[in-house]
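Reader: I am new to this structure and would like a close look at its charged side chains. Please take me through them step by step.

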Amino acid sequence: MADKREQEGRDASRDVTRELPIEVRRARRSAAHASQTYAAFLKHLCERGGMSPAVAERAAVSVLCAVEQRISRGETRDLEAQLPRKLSELLHRCERHEAAMPGDFGREALLEHVGSDLSLHPDAVAPVVRAVLNAVRDQITEGESEDVMDQLPEDLRELWRRPS
């Protein structure tokens, strides 16, 4: 009996959805897709870095905001175009890092900055940064990965490269 009522509820919900304008249905599908791809990215990052979703999100934003300060605006746009939309939206709101980091910082400054952002012990920062960068590289094409790496100084390239 309960199964029949649940089925009727789902059918009624589908009928209401079909009555919505196509633009609304597309927007809902797009939002659902954005949420799913972002959730998959965070899950992947959590698995790689052994962190909670809340920490993973903060780590991704902190690391990517810093990396984006070392690459050109055009390359930043290209990189963000391949990231989950919700992550890109968080990065657009991450203006606080622009004043905090010198334009030509290297590995140590990046690690110090991320460690401070996330309140991490210095020994724990590099693995978190690597996990974020590995998860990001898994989201983008090899060509885009090479384009980003070409704009980083050597000591940051070492963090960007895939482990051997």
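In which helix do glutamate 89 and arginine 85 lie, and how many residues apart are they?

Author: Keep in mind that this is a predicted model. Glutamate 89 and arginine 85 both lie in helix H5, which spans residues 85-92. They are four residues apart, about one turn of the helix. The two form a salt bridge. Their closest N and O atoms are 3.7 Å apart. Glutamate 89 has a relative accessibility of 36%, so it counts as partly exposed. Arginine 85, at 38%, also counts as partly exposed.

Side chains of opposite charge can pair when their charged atoms come close. The count for this model comes to seven salt bridges.

Now turn to arginine 107. This residue forms a salt bridge with glutamate 158, and the closest N and O atoms are 2.4 Å apart. Arginine 107 sits in helix H7, residues 107-118, and glutamate 158 in helix H10, so the pair ties together parts that are 51 residues apart in sequence. Glutamate 158 is partly exposed, with a relative accessible area of 33%.

Arginine 107 has another partner, glutamate 108. Here the closest N and O atoms are 3.8 Å apart. Glutamate 108 has 56% relative accessibility and therefore counts as exposed. The cut-off for exposed is over 50%. A network of salt bridges links Arg107, Glu108, Arg130 and Glu158.

Arginines also sit over rings. Arginine 70 lies over the face of phenylalanine 105, at 5.6 Å from the ring centre. Arginine 137 does so over tryptophan 160, at 5.8 Å from the ring centre. What about rings paired with rings? The count of aromatic pairs comes to zero.

One helix completes the tour. Helix H9 covers residues 142-151, and its buried residues are Glu144, Ser145 and Val148. A glutamate, Glu144, is thus listed among the buried residues. These residues cover an arc of only 105 degrees around the axis, which puts them on the same side of H9. What do they pack against? Their partners are helix H3 (53-68), helix H4 (73-81), helix H8 (122-139) and helix H10 (154-160). Helix H10 has come up before, as the home of glutamate 158.

Methods: Residues are numbered from 1 along each chain as its sequence is written. This is a predicted model: local features need pLDDT of at least 70, side-chain atom pairs count only at pLDDT 80 or more; totals for chains, interfaces and linings use all residues. Side-chain values use heavy atoms; hydrogens and water are left out. Rings of Phe, Tyr and Trp (its six-membered ring) pair if their centres lie within 6.5 Å; planes under 30 degrees apart count as stacked, over 60 as edge-to-face and the rest as tilted. A charge sits over a ring if NZ of Lys or CZ of Arg is within 6 Å of the ring centre and within 35 degrees of the ring normal. Buried means under 20% relative accessible area, exposed over 50%, partly exposed in between (1.4 Å probe, protein chains only). Helices (H or I, at least four residues) and strands (E, at least two) are DSSP runs, numbered from the N terminus. The arc is that of the directions from the helix axis to the C-beta atoms. Contact means heavy atoms within 4.5 Å. A salt bridge is a side-chain nitrogen of Lys or Arg within 4 Å of a carboxyl oxygen of Asp or Glu.
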